[in-house]
Amino acid sequence: MQRILNYINGQFTEPESRAYLDNYNPATGEVYSLIPDSDAADVALAVQAAKAAFPSWSSLSREERSQHMLNVAKRISERLDELAEAESTDNGKPLWLAKKVDIPRATDNFKFFATAILHDSSELHDTDGLYLNYTLRQPIGVAGCISPWNLPLYLFTWKIAPALASGNTVVAKPSEITPMSAYLLSQICDEVGFPKGVLNIVHGLGAKVGSAITEHPEVPIISFTGGTETGKTIARTAAPMFKKLSLELGGKNPNIIFDDCDMENALKTSLNSSFANQGQICLCGSRMYIQRGIYNEFKTRFVEEVKRMKVGNPQSPDVKLGAVVSKPHFEKILSYIELAKEEGGTVLCGGKPVEAGMNGWFIEPTVIEGLTETCRTNQEEIFGPVVTLQPFDTEEEVLAYANGTKYGLASTVWTNDLTKAHRIAAHLHTGIVWVNCWLVRDLRTPFGGVKNSGVGREGGWEALRFFTEPKNVCIPLS
Ligand code: NAD
């Protein structure tokens with residue numbers, strides 16, 4: 001059986017413990033590879049390597065750093081098919097989706113930040129002609145990057161690329177549930193001769209490897225994407241050490257559909273925003289609020305379409321939904337569907353596991369109505385192919401529903417009234433608002449959430465600024 005290895009100081013290494021964890025294919029329910037069960041000893045070696053590599057990497061010219069990163073980007077593109085296959089096997093997502101979205105985005109992440117640093121600039125403040133103050137933005141040192149399983153390589157590279165581009169060295173940990181594409185990325189670094197020790201990848205459990213990265217005194221900056229509870233644990237560790245922290249956490253995103261919307265577009269996009277990647281995208285809409293005038297028509301047409309969505313073998317080009325990522329996650333999603341029924345919800349379609357002839361963890365896309373906005377089903381993140389529908393009458397009412405959770409990541413609004421769109425967008429408590437579209441991602445824009453959905457922003461200059469420390473230099477003019 002294939003064994004994944006850690007990548008430390010440019011070497012493929014076994015974990016110090018020599019212990020390994022099972023890695024499952026969620027479509028078959030079978031163990032298909034083994035991953036290092038690393039611990040603090042491996043993290044210590046990775047930090048040591050990253051620290052040693054920092055002076056040379058941070059003093060390379062921007063062009064040189066950029067070129068190293070572009071080499072990685074090119075090789076990711078060249079190995080697209082293999083990476084997509086690995087991602088689909090590891091995660092359960094449809095192969096076509098990994099080919100179309102996940103892996104190309106990993107290339108784009110490297111390209112985007114590799115070229116962004118060539119166009120960077122900083123501020124100068126003239127103090128009444130007497131002094132000049134300029135801002136130096138310098139890399140910080142060893143950055144810790146920890147990522148989740150839902151978009152494995154896409155989110156892993158979304159952190160690593162700006163950290164590296166701005167001159168830091170990195171100790172990174174992919175999710176133990178989906179480690180394969182990160183392992184292939186370490187092979188790519190090796191193939192293109194990426195400088196040793198600059199990017200180190202340590203595999204293993206969050207409670208061992210993730211916490212060892214967070215706790216390490218020589219890792220002054222942490223970028224984390226994952227669940228809100230894990231974010232709290234990381235924040236508790238990082239705060240007394242005064243580490244710089246970026247947290248991208250959970251969501252419970254509202255999808256607001258006004259009766260003056262373009263119904264065809266709203267229907268088509270809402271199918272995608274509800275069920276893409278089996279509903280396991282932090283940006284998926286999980287609470288659909290539909291204005292009463294079109295509620296019945298929208299509901300009927302939406303449910304008809306959902307019933308047609310094919311669930312099954314992630315390798316098939318015609319499946320819309322593959323497997324959900326793991327057995328515990330499968331059980332969690334089904335338990336939320338049971339909870340929704342206990343809370344008085346009516347399952348309009350779906351709600352059950354799908355056989356798919358593969359022994360894996362498949363769930364029907366599920367639509368539920370008849371719940372209150374305050375019940376647990378509408379308040380807690382399910383992170384699966386489950387959406388609820390609820391009618392509303394007024395703008396004030398729907399804003400209260402939309403803003404009435406502890407989360408605040410993204411929201412979607414459907415209306416053809418431009419003034420209303422601006423008004424609603426301004427009043428939504430989320431870091432991202434899409435109007436008449438969903439998941440349009442311009443990599444320059446600030447990305448992140450408010451409330452329990454996170455702290456800080458990724459993307460564009462926000463990310464480059466996060467990964468650098470601004471220093472004000474003041475010089476008298478006379
Ligand atoms: P998770 O919090 O369980 O794990 C995320 C990563 O953190 C994994 O690599 C894990 O091993 C590690 N980890 C776990 N415990 C740790 C600890 N004590 N210290 C340090 N690291 C630790 O999340 P998940 O289940 O992998 O991912 C799903 C969650 O991620 C959902 O809540 C989803 O909304 C969220 N998410 C958010 C965004 C965003 O941009 N806001 C994007 C994708 C996913």
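Which residue forms a salt bridge with Arg79? The partner is Glu191, with the closest N and O atoms 2.5 Å apart. A salt bridge here is a side-chain nitrogen of Lys or Arg within 4 Å of a carboxyl oxygen of Asp or Glu. Arg79 sits in the loop between helix 2 (62–78) and helix 3 (80–91), and Glu191 in helix 6 (residues 180–191), so the pair ties together parts that are 112 residues apart in sequence. Helices are DSSP runs (H or I, at least four residues), numbered from the N terminus.

A word on the model: it is predicted, so local features need pLDDT of at least 70 and side-chain atom pairs count only at pLDDT 80 or more, while totals for chains, interfaces and linings use all residues. Residues are numbered from 1 along each chain as its sequence is written, and side-chain values use heavy atoms, leaving out hydrogens and water.

Now to the domains, whose bounds come from an automatic or database domain assignment.

| Domain | Residues | Share of the contact (heavy atoms within 4.5 Å) |
|---|---|---|
| Domain 1 | 2–249 + 453–476 | 28 residues |
| Domain 2 | 253–442 | 29 residues |

Their C-alpha centres lie 30 Å apart. Together, domain 1 and domain 2 bury about 2200 Å², 55% of it on carbon and sulfur atoms; buried area is the accessible area (1.4 Å probe) that two parts lose on being put together, summed over both. Ala27, Trp149 and Ser453 supply 23% of what domain 1 buries against domain 2, more than any other three residues. The rule finds 0 salt bridges across this interface, whereas a search of the whole structure finds 29.

Terms used: Helix = DSSP H or I, 4+ residues; strand = E, 2+ residues; numbered from the N terminus.
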